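Biologist: I'm new to this one and would like a close look at a single chain. Could you walk me through chain C and how it meets its neighbour?

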Amino acid sequence: MAKRIAIAACLTAAVAAPFLISGFHTFQLTQILVYAIALLGLNLLTGYSGQISLGHGAFFAIGAYVTAIMLDHAWLPYWATVPLAGLVCFAIGFAFGLPALRLEGPYLALATFALAIATPQILKHDKLESWTGGVQGIVLDKPEGPFTGLLDPDQWLYFVTLVAVIALYVAAWNLVRGRTGRALVAIRDHPLAAATMGIDTALYKTTTFGLSAMYTGVAGALGALLTGFVSPDSFTILVSINFLVGMVVGGVASIAGNFFGAAFIVILPNIAGDISDSAPWAIYGVILIVLMILMPRGIAGVVRAVAARRPST
Amino acid sequence: MEALLHQVMLGISNGAIYGGVALALVMIFKSTHHVNFAQGELAMFTTYVSWTLIQAGVPYWAAFALTLMFAFALAAAIQGLILQRVQHAPVLVVVIVFIGLLIFLNSMASWIFGTTIKPFPSPFAVDAWYGTAYFSPHQVGMTVVTLATLAAVYGFFRYTRLGLAMRAAAINPISSRLVGVRVDLMLALCWGFAGLLGAVAGMMAAPMFYLAPDLMSGILVYALAAALLGGIDNPWGAPIGGFIVGVAENLAGSYLVGTQIRLSVALLIIVVVLLFKPSGLFGRKSVVRV
Amino acid sequence: MSALLELRGVSASYGAAPVLQSIDLAVEQGAVVALLGANGAGKTTLLRAVCNMMVRTGGEIRLAGKRIDGQSTAGIVRLGVAHVPEGRGTFEELTVAENLRLGSYVRRDADGVTRDLARVLGYFPVLEQRQRQQAGTLSGGEQQMLAIARALMLRPKLLLLDEPSFGLAPMVVQKIFEILGTINRQESIGMLLVEQNARLALDLASHAFVLETGRLVMSGEASTIAGDESVRRAYLGM
């Protein structure tokens, strides 16, 4: 019951927010929502399916570039590029998931890492320049939306993203609570036992890879619309590392954790910058270490522990 | 043909560095089952320390020795003070700790020493007798020093009592305690050696790649690939993996795709190898008992 | 003279789950004491409690009068307690010789170690032949012998043995128990022997304790316990 009230409150706040805060903060909030989708994607793979990925930045980039290329050549309206980005990334993720079945732990981490490192370099490559715009990238127009009187582009994009977030989260929630989710957790925790129970481990794992990539790709597409710009150097390995940090700090295998994590990766660097101008990243690094020592289950873990102590209603 | 040989030799000398760092990664993995993602930044930081000593007038080899001691101590401290606190945490949590360390060390290096590229001296004179047309004296010296360090580390582990205890602690910590080995201390020492190997690699690489905060990040990727290629739990595989990666990277860079994309190509080659040998060339396949 | 090993009111748990409760037990100098009971009774836990290994303990544990509860495992070992664990605990990747060297890791007397090595190889000649072999390639019986030999290299005052007969062929087990008897007589090493094979254990031991679901239900001379029909049937499955 308390949970439902909390969700309702959050939704109300979410809908009201862009009318109450400045344009820049609306932009930041949209950024957080975008990352929340990306982190959900990563969480599906790593948290529920137990396959580590250091390469989700690649899917983020691919999603972003699909949108950018479609808009650049005016082949699709902006809203249609988002599901397309999702589908493309699903296909690539699924295809990647097949060989990934053979790799475990640090070996899989390396393979995904290779993907993340390769992506910006491939994007910069001369042969693809006519498509990708090479090192300079592609500039996009911010979509205006149909309610130009009521909502400025920032606010419109915020609501588009919010709708996407709600739809994707509900879908993920259903997935996780249902048979698929249980199968995934079984595969993660006891792959051998899962297989003997008749679960097609390979199919589940590759499908999860695909879904995970799809979510992150959708996030990338929305992100491109948000920033209005894609270039290879915006998608370095740091993006993948950031996703990993966000997921763990937020709380692995937790739906709410993705929001906490997304907020963390967007807001913390600013806070670190306030604490020290000269070495803000040093502060960020220390914060990460301290957080992991004190809160290994992430922010969501702390929230859960606090909620558990109160008598349930 | 000559050019090919040149590239191969270049690859081997780079490979010595990758192998050294790879061994550090394997040592830490074998004893703690974690990949030390901060290995490169640690090596870079200690290289800056050696640079500072040399700038202050300390003769090269003295600075070298002092830096090795500092690196040993710093690495051991990181294990004892930070990693020990998360030793029972889930893998992902430890990965984030490593990322935090990586970011911290990189940022501190930039802050303390600045980000401008600094030339780093080589102890091997430019016109020394052992240089050839293919191999500059530094490359020869670097390969020799790295291999000598690897040999010393192997010798230590194989022939000394403490080395045996450290191996035991890595293989079976519970049984090690039952023979009186202080496992936590052994882990810290193991990290110390890893720090030492990193410092050697950094000081050997810096004259070629110039000293800047991103000196070791690329090298770390190659070293990680080398360690995995050799088998992440096999110390002998690390230098072999290093040589293979060094040569593959060089050949790919010169003949296939140009320097831009060589890193990706090298990694992709390795991933393909892993698909056929998922535990690396010499890694042990873990047999899961049902 | 105080007992070699004394447990008073000892309890032990893994996390929140209590396994042992109010255990009072003693091993006299140079004696062999058998610790018997069904699976899950807590026998292994008791040995672990003595070494402060993987369990949380309460109560008092004394080695030759001195309290050792709360000390680190490595510290307790240095005081002369050698534990041959369940599953042997061999360093499989290392050679037989290296395993034995590790047994004497805490000792500083090189000559004593050399002499002990010779003596230990005398008890288990098969190990001498296999010195350079990887320990993991030895048969089950040989690994058990290696585990005991390694423990002896400590020159312990107290030897803890956890199911030395486990998984071994009867003839091999017979041999090992004969050797244990010899060692006990010749070197006066006290032994606390956990065994499911009650008959073998009671043959070797002078005293016995019986555990059931974490509590001591019986103690006494080994011959008495072995002779008591009801005890045998109820607790020992004999």
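**A close look at chain C**

Modeller: Sure, and keep in mind that this is a predicted model. Let's start with how chain C is wired: among its contacts between residues at least 6 apart in sequence, 68% join residues at least 24 apart. As for what it is built from, chain C has 10 helices and 10 strands. Its radius of gyration is 17 Å, close to the 18 Å that the globule rule gives for 238 residues, so chain C is as compact as a globular protein of that length. If you lay the C-alpha trace of chain C along its principal axes, it spans about 45 × 40 × 35 Å. And of those 238 residues, 48% are buried.

Now for the neighbour. Here 18 residues of chain C are in contact with 14 residues of chain B. On the chain C side, the elements giving two or more residues are α2 (73-78) and α3 (96-103). Sort the residues on that side by character and you get 10 nonpolar, 4 polar and 4 charged.

While we're talking about chain B, have a glance at its helix α5, residues 137-159. With 23 residues at 1.5 Å a residue, helix α5 of chain B should span 33 Å, and its end C-alpha atoms are 32 Å apart, which agrees. Several residues of α5(B) are buried, among them B:His138, B:Met142, B:Leu150 and B:Val153. You'll also find B:Gly141 and a few threonines in that buried set, including B:Thr143, B:Thr146 and B:Thr149.

Methods. Residues are numbered from 1 along each chain as its sequence is written. Chains are lettered from A and ligands numbered from 1 in the order in which they are written. This is a predicted model: local features need pLDDT of at least 70, side-chain atom pairs count only at pLDDT 80 or more; totals for chains, interfaces and linings use all residues. Helices (H or I, at least four residues) and strands (E, at least two) are DSSP runs, numbered from the N terminus. The expected span of a helix is 1.5 Å times one less than its number of residues. A residue is buried if 20 or more other C-beta atoms lie within 10 Å of its own, exposed if 12 or fewer, and partly exposed in between; C-beta atoms are placed from the backbone. The radius of gyration is taken over C-alpha atoms; the globule rule is 2.2 Å times the number of residues to the power 0.38. Two residues are in contact if their C-beta atoms, placed from the backbone, lie within 7 Å. Ala, Val, Leu, Ile, Met, Phe, Trp, Tyr, Cys and Pro count as nonpolar, Asp, Glu, Lys and Arg as charged, and the others, Gly among them, as polar.
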